[in-house]
Amino acid sequence: MRPGRTGARPSALVAVVAVVAVAAGVAVGNRHVVPATLLPVSRAVAVVFAALALVLVGVGAASGVAAAPAAPAAPVRQAQTQPPASPPPAPPPPRAWALVDADTGAVLDGGRDREPQLVASVFKVLTAVAIVENLEAEADVTVSSRAEGMPARKINLKAGQVWQADDLLYALLLVSANDAAVALAERTAGTLEAFGGMLDATAARLGMADRPVLRDPAGLDDEFSVDGGNRISARDLAIATRAFLAYPELTAIVSAPDYRFAGGDGNPHRLLNHNRLLKTYPGAVGIKTGYTKKAGHSLIAAARRDGRTMIAVVIGAADPYGSAVGLLDKGFATPVQTQGEFDRLPEVRLGTAADPVTHAPPLARPVSTPTGGGRSTGGVVFPVALLVVGATPALVILSRRSRQRRSGEAALWRA
């Protein structure tokens with residue numbers, strides 16, 4: 001049966017009966033149509049047909065309701081439930097990495113962390129330690145032509161200009177200025193080659209044990225580098241970083257969002273810290289980014305939470321920030337009481353290039369120092385230091401070099 005035809009016949013029958021009932025009523029009311037003798041019968045017929053009409057109307061209505069097709073229900077629009085967002089995939093592991101609890105020295109995680117690597121500008125962390133231990137913050141630094149010729153990143157130092165050491169230290173760490181690195185290294189040790197000897201001695205005092213090759217203060221590894229640059233392990237970089245964090249003045253530099261100063265060129269300068277972790281990771285205190293084509297992306301990150309400090313070193317990372325964040329999170333999730341079986345870094349010993357109180361002086365290595373005629377003569381760095389050990393180290397430092405025209409480096413007092 002097609003929809004809409006149910007109940008059609010009862011409706012027609014109702015209409016016929018209704019017409020008959022009306023006609024009978026009209027006839028009953030019209031005496032000229034119905035004889036007087038038939039009036040009682042006519043009235044009875046009219047009543048019957050009227051009653052039948054009412055019954056049929058009710059049945060028809062019921063049949064119509066029952067037979068009428070139900071209106072299609074409005075579709076229930078279900079809420080579009082999106083599947084829960086899956087976390088972003090973990091970045092591929094760096095070429096090498098190390099996670100260290102800076103307070104206990106425990107190495108909580110690592111991968112190829114004992115292999116010397118090209119590390120780019122994160123090496124400037126060790127450069128900064130050597131400089132701050134051997135050069136006064138207020139010292140004047142005269143720019144050489146070699147410093148001027150360094151590639152970017154740089155702050156455009158010009159030969160003959162005189163800048164202040166602490167301003168150049170900010171440039172070294174905030175914007176990774178290579179010209180600042182060379183100018184500071186030359187001012188601290190006399191030549192870049194001599195500064196390499198100072199780096200060697202600093203590494204030996206700090207307890208670096210993975211055969212680091214320490215030559216270039218800027219972390220370069222191209223034609224501008226000193227002897228092809230540096231190679232240092234992630235673990236040894238963590239050792240350098242623990243020493244770095246022990247100097248509040250260095251921590252203040254890498255934590256600063258920017259730095260303003262008047263330069264040796266007579267112009268005002270503003271340096272912006274480009275370390276994204278300072279804005280994205282709670283408790284971050286820096287420390288240093290790095291990149292070269294050969295080394296890839298590297299990052300030394302540190303953060304402090306609830307009285308604990310973690311250090312993450314990543315070398316050759318596809319996503320240095322993502323890798324560092326994952327390591328830092330793991331470090332803070334590792335309770336101190338579970339660190340008993342972990343490898344430990346050596347104790348931090350602040351001082352100068354050597355600490356004769358606790359260490360035999362490291363082997364001096366020949367370095368090349370330019371002479372007036374353009375030839376090189378052998379020179380040897382002999383750092384001499386007096387270290388007073390206490391809760392807050394106090395240092396009296398005198399650095400001198402044999403066969404060097406300058407008789408002595410500046411004395412440095414630290415509290």
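Let's start right after helix 7. The residue that follows this helix is G207, and its phi is positive, near 95°. Keep in mind throughout that this is a predicted model.

Now helix 7 itself. The helix runs over residues 192–206, which makes 15 residues. From first C-alpha to last, helix 7 reaches 21 Å. At 1.5 Å a residue, 21 Å is what you would expect, so the helix comes out close to the expected span. How much of helix 7 is buried? Mostly covered is the answer: 13 of the 15 residues are buried.

Stay on that side of the chain for a moment. Past helix 7 comes a loop that leads to helix 8, residues 234–245, and R211 sits in that loop. R211 also has a positive phi, near 55°, and R211 is not a glycine. Is R211 buried or exposed? Exposed, because its relative accessibility is 63%, and the cut-off for exposed is over 50%.

There is another non-glycine with a positive phi. That is N156, at about 65°. N156 lies in the loop between helix 4 and strand 4. Its relative accessibility is 47%, so N156 counts as partly exposed.

That loop has something else in it. R153 is placed there too, between helix 4 (145–148) and strand 4 (162–164). The peptide bond from A152 into R153 is cis, with omega near 15°.

A second cis bond to look at: G286 to I287, omega near 25°. I287 is part of strand 7.

Both R153 and strand 7 bring us to the largest pocket. Its space is about 410 Å³. Which residues lie nearest its centre? They are S121, R153, G290, Y291 and T292, out of 22 lining residues. So R153, the residue after the cis bond from A152, is one of those nearest the centre.

Which elements give two or more residues to the lining? Strand 7 (284–292), strand 8 (296–305) and helix 11 (320–332). Strand 7 gives the largest share, five residues. By class, the lining has seven nonpolar, nine polar and six charged residues.

Next, the packing. The largest nonpolar core holds 78 residues. Which members touch the most others? I155, L168, L184, F244, L250 and L271. Nonpolar side chains tend to be buried together in soluble globular proteins.

Take L184 as an example. Leaving aside residues up to four places away in sequence, L184 touches I131, L135, V141, A165, L168, L169 and L172. Note L168 in that set; L168 is also among the members with the most contacts to the rest of the core.

Apart from this core lies another, of 18 residues. L299, A303, A324 and L327 are among them. Look at the numbering: strand 8 covers 296–305 and helix 11 covers 320–332, and both give residues to the pocket lining.

Finally, the whole chain. How many helices and strands are there? The count is 11 helices and 15 strands. The chain has 415 residues, and 47% of them count as buried. On contacts, take pairs at least 6 apart in sequence: 63% of those contacts join residues at least 24 apart.

To recap, on the model, look at G207 after helix 7, the cis bond into R153, the cis bond into I287, and the pocket that strand 7 lines with five residues.

Conventions: Residues numbered from 1 in each chain as written. Predicted model: local features only at pLDDT ≥ 70, side-chain atom pairs only at ≥ 80, totals over all residues. Heavy atoms only, no water. 1 Å grid on protein atoms, 1.4 Å probe; cavity = no way out; pocket = protein on both sides within 12 Å on 5 of 7 lines; lining within 4 Å. Points joined across faces, edges and corners; volume = space filled by probe spheres on them. Helix = DSSP H or I, 4+ residues; strand = E, 2+ residues; numbered from the N terminus. Nonpolar A, V, L, I, M, F, W, Y, C, P; charged D, E, K, R; others polar. Buried < 20%, exposed > 50% of the residue type's maximum accessible area, 1.4 Å probe, protein only. Core = buried A, V, L, I, M, F, W, Y, C linked by side-chain atoms within 4.5 Å. Contact = heavy atoms within 4.5 Å.
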